[in-house]
Amino acid sequence: MKKLVMAAVVMMAAVVSMLAADPVWNNDMTKALAQAKETKRPVMLVISGSDWCPPCMALEKNVLSDKKFQKFAAENLILVQADFPRKKKQSEAVAKLAKAAKVQYAPNDGFPTVVLIGADGKAIGKQVGYSGVNAEKYIEQLKGTLKK
């Protein structure tokens with residue numbers, strides 16, 4: 001019986017740690033900012049063209065989908081995706097939310113643009129484009145911006 005209980009505890013711990021490493025992506029800045037205030041974490045807004053923009057796809061592949069980044073983001077950030085796809089369908093409501101976020105935080109910037117935003121709604125830092133760094137280096141850069 002003790003072995004069975006111990007096995008169940010180990011399995012639960014594994015499930016909890018896996019869930020903690022998967023960040024949740026929002027598409028509504030208003031909700032994200034409310035969550036940022038509640039958790040005292042900054043918002044990371046990613047403005048991308050997920051299905052047509054090569055640097056956006058590289059950022060997704062090399063950073064955003066990397067387990068190290070996902071763990072860091074789940075513990076430290078509120079994530080918002082403002083996507084502007086050309087091929088895949090997007091609801092009108094989601095497209096409207098993406099456009100509003102881009103107009104507010106990166107009206108004249110290209111793709112991808114990543115904006116760190118405080119709970120007060122003010123931009124802390126912005127990066128336009130993707131330099132090709134790996135997830136570890138990207139996390140270092142984010143930490144540096146957040147320390148300012």
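What follows is a look at three helices and a central strand of this chain, starting with how far the model can be trusted.

The structure is a predicted model, in which local features need pLDDT of at least 70 and side-chain atom pairs count only at pLDDT 80 or more, while totals for chains, interfaces and linings use all residues. Residues are numbered from 1 along each chain as its sequence is written, and side-chain values use heavy atoms, with hydrogens and water left out. The chain has a mean pLDDT (the predictor's confidence in each residue, from 0 to 100) of 90, and 86% of its residues reach 70 or more. Residues 4–19 are another matter: pLDDT stays under 50 there, and the model has 0 contacts (heavy atoms within 4.5 Å) for them beyond four places in sequence. Where pLDDT is low, the predicted coordinates should not be read in detail.

Helices (H or I, at least four residues) and strands (E, at least two) are DSSP runs, numbered from the N terminus. Strand S2 (43–48) is mostly covered, with 6 of its 6 residues buried (under 20% relative accessible area; exposed is over 50% and partly exposed in between, with a 1.4 Å probe and protein chains only). In a regular strand the side chains alternate between the two faces of the sheet. In S2, Val43, Leu45 and Ile47 point one way and Met44, Val46 and Ser48 the other, and all are buried. Two strands count as paired if DSSP finds at least two bridges between them. S2 runs parallel to S3, with 6 bridges between them, and Val46 has Gln81 of S3 as its bridge partner. With S4 the sense is antiparallel, over 5 bridges, and here Ile47 sits opposite Thr113.

Helix H2 (residues 29–39) buries Met29, Ala32, Leu33 and Ala36. These residues line one face of the helix, because seen down the axis of H2 they fall within an arc of 100 degrees (the arc is that of the directions from the helix axis to the C-beta atoms). Their cover includes S1, S2, S3, H5 and S4. The other side of H2 has Thr30, Lys31, Lys37 and Glu38 exposed. At the N-terminal end Asp28 acts as the cap, with a side-chain oxygen 2.9 Å from the backbone nitrogen of Thr30. Just past the helix, Lys40 adopts a positive phi of about 60 degrees.

Helix H3 (54–64) buries Cys56, Leu59, Val63 and Leu64. They sit on the same side of H3, since they cover an arc of only 70 degrees around the axis. Pro54 and Lys61 are exposed on the other side. Among the elements covering the buried residues of H3 are S1, S2, H4, S4 and H6.

Helix H6 (residues 135–147) has 13 residues and spans 18 Å from its first C-alpha to its last, close to the 18 Å expected at 1.5 Å a residue (that is, 1.5 Å times one less than its number of residues). Its buried residues are Ala135, Tyr138, Ile139, Leu142 and Thr145. Their arc around the axis is only 125 degrees, which puts them on the same side of H6. Cover for them includes S2, H3, H4, S4 and S5. Glu140 and Lys147 are exposed on the face turned away from the buried side. At the start of H6, a side-chain oxygen of Asn134 comes within 3.2 Å of the backbone nitrogen of Glu136.

Definitions and conventions. Polar contact = N/O pair within 3.5 Å; in protein donor to acceptor, adjacent residues only side chain to side chain.
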